[in-house]
Amino acid sequence: MLNVMRDNLKHLKWVLVVVALAMLGYLGSYFDPRVGRGAESSEWAARVDGQAISTQEFLQTARLQDDYYRRLLGAQYEPMKKNLKLGSQAIQSLVDRQLVLAEARSLGLAATKAEISKAILEDPNFKDPSGVFVGKERYQDYIGQNFDGGVPAYERRVGEDILAKEWLQVMTASARISPAEVEQAWRTRNVRAAVDYVFVPTSSVTFDTNVDAAARASWYASHADDYKRSESRKVRLVVVDRQAQVANAKVLDADVKADYDAHEAEYARPDQRRARHILFKLPAGGSDADKAAARAAAESVLKRAQNGEDFAAMARSLSQDPVSAAQGGELGWFARGAMVKAFDDAAFATAPGQFAPVVESEFGFHVIQVEEARAAGSTPLSDVADSIRHRLELQRAQDLAAAEAQRLAGQLKTAADLDALATKSGLKVEERLVSADDPATDLGPSPEFIRAVGALQPGQVSAPLGVARGLALVACVEIVPAAARPLAEVESQVTKDVLNDRGIQAARVAARRVAASPTLADGAKSMKLEVKKSGDLGAGGNLAGLGPVPELDTVLFAAGSAVGTKGSVAAQGGAIAFEITRHDTFDPAKFEADRAALREDLLRQRRDQLAQGLIENLRQSHTVEINQPLVDGVNG
């Protein structure tokens, strides 16, 4: 199963999108599939609202990313490694996963037993060569031996992965891709053109820089649609803050013990070892001589370790496993079957405090120091009591916040009651506009919040609505119809727009003269400018230093354009004189064949972008602590 997971790593495209987060939580088991509640310890790499992410899980995730990038980049990996900051990537992905799962639960999302069963039955890792599920007994036997906490903990992890995906689907359900966007993307990827061009910046031409009131009024009147806002609700709201209820969420030692006992199976752990290693890798396609040299280096280091030399210091300077090297070769606790077989066998055959013989694996040659052994058993309550207590406090705080919000909602009959109720309850009233253009993203609301607020009429109040901090009670003051913003509100922007337009128009006049010259070089010379080559461009492509030039796009990919066509267009900060040097044609048949798959790909990207924005809002609304020295050590 682990080998299959490792082979599938090449399909992992990025780790900060929530789907990748769910996969990362699952694939983080690459070096130790027993990452569950039983793996918690007093060491932490990060804390989210006080809930710890263990150093062990962090190092496993960083090692997974190291393997992924090594496969992806090949020989380019080593010179790029420090810039990738694997430690920062790993800890951010784990923090984001924890935030997403907490937010999903606060919205009432949950993975059903049927969904978990379906995911397991459809998992190719649990199918025999004929594609049939291996059977309940073999499945339970494998998980029982290879996942800390056994089947309950494993299926909880599967449920979390499903929950993260459900959150993504719910929160990004509004994402849409229009037919025009699909065609534009296809053109960008498949249709090419090129130009020679001369950029005429506004700084090289003269124009009137005096913008008086009459000029602003005239511009505003003729461009009113540029300054429109969509229909919105002017609302006043109070938030019953979950965190403010924590002080009232009393959790007794007996409550912690009862929760621990209720989840006893999840704290079970198999026989474990804690070890350090020093790795000497085999170069891809290496010869027998290369292999002999790597083994000799490993044997030499083993002798130095047996003679008393500091193993951690040697690991930092010699090991070719960059993640563990930064930690002095430390691998943390792992159970039997977590590592590749040769490594596993050697570690469990070696007594604590001793060194194993040099081990050869698919990764190279390992020098292994076994530090401690831990017999099969259960993680003691003392090791996880703080984590359980904090989780129960947050759960109870959420329940208290919900009860308080419901109590207040019962007293809030109209919008006019809000101020008095807020004052009486010690809550702050916030006022804002909520619309499709500005959906109050800083609140971290759910789609339910946007829909509910959008349906309110003036004077109406909402039921308690979930937001990142807790629950909100929203009163609609008025509906603000779609309309242009008043000139006084946008006066500064109007002035900038007038000056920008004047400069571009002056630059266009100069660009037309350049394009009308016998050659672009002749026109450029007269203005002390230079002719540049665009290189191949797709629709929506960028010119170096200028970014996208929509007017040039329109000309380049128009049906009547051809090699040799000359002209001028506006550009950001000036204008361009150009001559087309390449012009492909659009192929409708090929586009139609690719259209459906391309649309799905674009929709996934749109959802990913939306998810990233939502996760960023979650980061801002929760308390996140990072063990920066530990992360910096892995960054290198």
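Tutor: A residue counts as buried under 20% relative accessible area, as exposed over 50%, and as partly exposed in between. The model before us is a predicted one, and a glycine makes a convenient place to apply those cut-offs.

Student: How, then, should Gly 286 be classed, as buried, partly exposed or exposed?

Tutor: Its relative accessibility is 38%, so Gly 286 counts as partly exposed. Gly 286 sits in the loop that runs between β7 (272-281) and α12 (288-306). From Gly 286 to Ser 425 there are 139 residues in sequence, and their C-alpha atoms are 72 Å apart in space.

Student: Turning to backbone angles, which sign of phi does one expect of residues other than glycine?

Tutor: Most residues other than glycine have a negative phi. Lys 85 has a positive phi of about 50°, although it is not a glycine, and this lysine is found in the loop between α4 (77-84) and α5. Lys 528 likewise has a positive phi, of about 60°, and its place is in the loop between α20 (520-526) and β16 (532-533).

Student: Which accessibility class does each of these two lysines fall into?

Tutor: With a relative accessible area of 44%, Lys 85 is partly exposed, whereas Lys 528, at 80%, is exposed.

Student: I would like to read helix packing next; at what angle do α3 and α23 pack, and how far apart are their axes?

Tutor: Helix α3 (residues 55-73) and helix α23 (residues 628-635) pack at about 20°, and their axes lie 11 Å apart. An angle under 35 degrees counts as roughly parallel, and α3 and α23 are therefore roughly parallel to each other. The crossing in which α3 passes α23 is right-handed.

Student: Which residues make that contact, and what is their chemical character?

Tutor: On the α3 side the residues are Thr 55, Phe 58, Leu 59 and Ala 62, and these meet Leu 630, Val 631 and Val 634 in α23. Divided by class, the residues of this contact comprise 6 nonpolar, 1 polar and no charged.

Student: What is the arrangement of α5 and α8?

Tutor: Helix α5 (residues 86-106) packs on helix α8 (residues 150-171) at an angle of about 75°, with 9 Å between the axes. Since angles from 65 to 115 degrees count as roughly perpendicular, that makes α5 roughly perpendicular to α8. From α5 the contact draws on Arg 97, Val 100, Leu 101, Glu 103, Ala 104 and Arg 105, and from α8 on Arg 157, Glu 160, Asp 161, Leu 163, Ala 164 and Trp 167. By class, the contact of α5 with α8 has 6 nonpolar and 6 charged residues, and no polar ones.

Student: How many aromatic pairs does the structure hold?

Tutor: There are 12 aromatic pairs in the structure. One of them joins Tyr 68 and Tyr 69, whose ring centres are 5.1 Å apart with the planes at 55°, so this pair is tilted; both tyrosines are buried. Phe 311 and Phe 355 form a stacked pair, at 5.9 Å centre to centre and with 25° between the planes.

Student: Where in the chain do Phe 311 and Phe 355 come from?

Tutor: This pair links distant parts of the chain, 44 residues apart, with Phe 311 in helix α13 (residues 311-318) and Phe 355 in the loop between α15 (341-348) and β9 (359-361). Phe 311 is buried, its relative accessible area being 4%, while Phe 355 counts as partly exposed at 22%. Elsewhere, Phe 126, Phe 133, Tyr 139 and Tyr 154 form one aromatic cluster.

Student: To end with the surroundings of a single residue, what does Phe 557 touch when its neighbours within four places in sequence are left aside?

Tutor: With those neighbours left aside, Phe 557 is in contact with Arg 187, Val 191, Arg 192, Ala 193, Leu 537, Gly 538, Ala 539 and His 583. Phe 557 lies in the loop between α21 (550-556) and β19 (566-571), and with a relative accessible area of 14% it is buried.

Student: And is its partner Arg 187 buried or exposed?

Tutor: At 17% relative accessibility, Arg 187 counts as buried, and its place is in helix α9 (residues 179-190). Its own contacts, again leaving aside neighbours within four places in sequence, are Arg 192, Gly 538, Ala 539, Phe 557 and Phe 586.

Technical notes: Residues numbered from 1 in each chain as written. Predicted model: local features only at pLDDT ≥ 70, side-chain atom pairs only at ≥ 80, totals over all residues. Heavy atoms only, no water. Axes fitted to C-alpha atoms, helices over the stretch in contact; angles between N-to-C directions. Helix = DSSP H or I, 4+ residues; strand = E, 2+ residues; numbered from the N terminus. Parallel < 35°, antiparallel > 145°, perpendicular 65-115°, else oblique. Left-handed = near helix turned anticlockwise from the far one by under 90°. Contact = heavy atoms within 4.5 Å. Nonpolar A, V, L, I, M, F, W, Y, C, P; charged D, E, K, R; others polar. Phe/Tyr/Trp six-rings, centres within 6.5 Å; stacked < 30°, edge-to-face > 60°. Buried < 20%, exposed > 50% of the residue type's maximum accessible area, 1.4 Å probe, protein only.
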